[in-house]
Amino acid sequence: MTEPQNSGVGHPRAGFAAIIGAPNAGKSTLVNRLTGSKVSIVTQKVQTTRFPVRGIAMEGEAQIVLVDTPGIFTPRRRLDRAMVASAWGGAQDADVVVHLVDAASHIASEGKQGEAADRRSAEDTETIIANLKSTGTQVILALNKIDGMRRDTLLALSHALFETGVYSEVYMISALSGDGVDDLKQRLARSMPEGHWLYPEDQSADVPIRVLAAEITREKVYLRVHEELPYSAAVETTAFDEKADGSARIEQTIYVERESQRPIVLGKGGQTLKWIGQKSREELIELLDRPVHLFLTVKVDPKWQDSRALYAQFGLDFDV
């Protein structure tokens, strides 16, 4: 394998930047914004990122390999423990760590208008701060979702969090609109150690295509049935074949935990599954730049969360 070359002049830099935060803080949206491509799924569901997706962002002569970690929350199940361990593992291995905080949700949690989700998010943020304190780790704070927020409110929140002593600096951003993201990207670039790039310049993600294909379909499942289906679905790519005509034939299994959830995914006359398959196929065609034949099966497996094979697919440690 040939070593990726560095173009241009100057001192090349390359390293890892981990983005940690409570579920739904906007980590996947930020990774997608920094890389300029879709490498991590984004849904309105929390806890949708199950493994550290490495997005690759270029800034001048610097290559920033972004570790998009699962949301850090209080774990209850085996899968939860594996996800949280993966998130902290990604942070420990990085050259620089960004703690992303949903500013709007954090402010809402302190008032009477705040919802249970806002309070959970604020509690998860406190858990992260406590862990950073106990390990003596200094990280960059990025206040996200600042759109439409009053500046004095943001400054007060920034000051209160900075007083915890775990942050070296603060950035105010909107991952959705891109506001303030360029400044953060330049800061990450400066944090990268000097050295050869780790990946080719035109590569945007270091995710096995079978896994990325499964995540794209899982995103569509949640987009369509997020009200009816809790966190009890997984998608596994069971076959991925390159055909002689240049097309790809992909077989995937959607796992649900209970028999009652199967008709939810199928829909009346199979219409929901058809929609999921169509939307996933459209995105896979764009991603792979070739025709795609996608075949979906729905299976009931009450113990899919105890499947070593699925944990291995997502790069998670089953024995945490």
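**Note on the predicted model**

1. A polar contact of 3.3 Å joins the side chain of T237 to that of Q252, in what is a predicted model. T237 belongs to strand 7, which covers residues 233-242, and because its relative accessible area is 3%, below the 20% cut-off, T237 counts as buried. The contact therefore involves a polar side chain, that of T237, from a buried position.

2. On confidence, the mean pLDDT of the protein is 78, with 74% of the residues at 70 or more. Residues 1-9 have a pLDDT below 50, and in the model this stretch makes 14 contacts beyond near neighbours in sequence. Residues 41-51 likewise have a pLDDT below 50, yet for this stretch the model shows 59 contacts beyond near neighbours in sequence. Any reading of those 59 contacts has to be set beside the pLDDT below 50 over residues 41-51.

3. As to the overall organisation, the secondary structure comprises 10 helices and nine strands, and 51% of the 320 residues count as buried. Among contacts between residues at least 6 apart in sequence, 71% join residues that are at least 24 apart.

4. The largest nonpolar core contains 23 residues, and L30, L66, L184 and L188 are those with the most contacts inside it. Two or more residues each are given to this core by strand 1 (13-21), helix 1 (27-35), strand 3 (62-68), strand 4 (96-102), strand 5 (139-144) and helix 6 (181-191). Helix 6 provides the largest share, namely four residues. A second core, separate from this one, has 21 residues, including I254, I276, L284 and V292.

5. Which residues does L30 touch, if those up to four places away in sequence are not counted? They are I19, L100, I173, A175, V181 and L184, and L184 is itself listed with L30 among the residues with the most contacts inside the largest core.

6. Helix 1 is largely enclosed by the rest of the structure, because seven of its nine residues are buried. The buried residues are K27, S28, L30, V31, N32, L34 and T35, so the list holds polar and charged side chains as well as nonpolar ones. After helix 1 comes G36, with a positive phi near 75°.

7. Is K27, a residue of helix 1, buried or exposed? With a relative accessible area of 6%, K27 falls under the 20% limit and is therefore buried. The K27 side chain reaches the backbone oxygen of G21 at a distance of 3.5 Å, and G21 lies within the range of strand 1 (13-21).

8. The backbone at K145 deserves a check, since most residues other than glycine have a negative phi. K145, by contrast, has a positive phi, near 60°. K145 sits in the loop between strand 5 and helix 5 (151-162), and because its relative accessibility of 30% lies between the limits of 20% and 50%, K145 counts as partly exposed.

9. For interactions with aromatic rings, the count of aromatic pairs comes to zero under the rule applied. There is, however, a charge over a ring, as R249 lies over the face of F295 at 4.2 Å from the ring centre.

Technical notes:
Residues numbered from 1 in each chain as written. Predicted model: local features only at pLDDT ≥ 70, side-chain atom pairs only at ≥ 80, totals over all residues. Heavy atoms only, no water. Core = buried A, V, L, I, M, F, W, Y, C linked by side-chain atoms within 4.5 Å. Buried < 20%, exposed > 50% of the residue type's maximum accessible area, 1.4 Å probe, protein only. Contact = heavy atoms within 4.5 Å. Phe/Tyr/Trp six-rings, centres within 6.5 Å; stacked < 30°, edge-to-face > 60°. Lys NZ or Arg CZ within 6 Å of the ring centre and 35° of its normal. Polar contact = N/O pair within 3.5 Å; in protein donor to acceptor, adjacent residues only side chain to side chain. pLDDT = per-residue confidence, 0-100.
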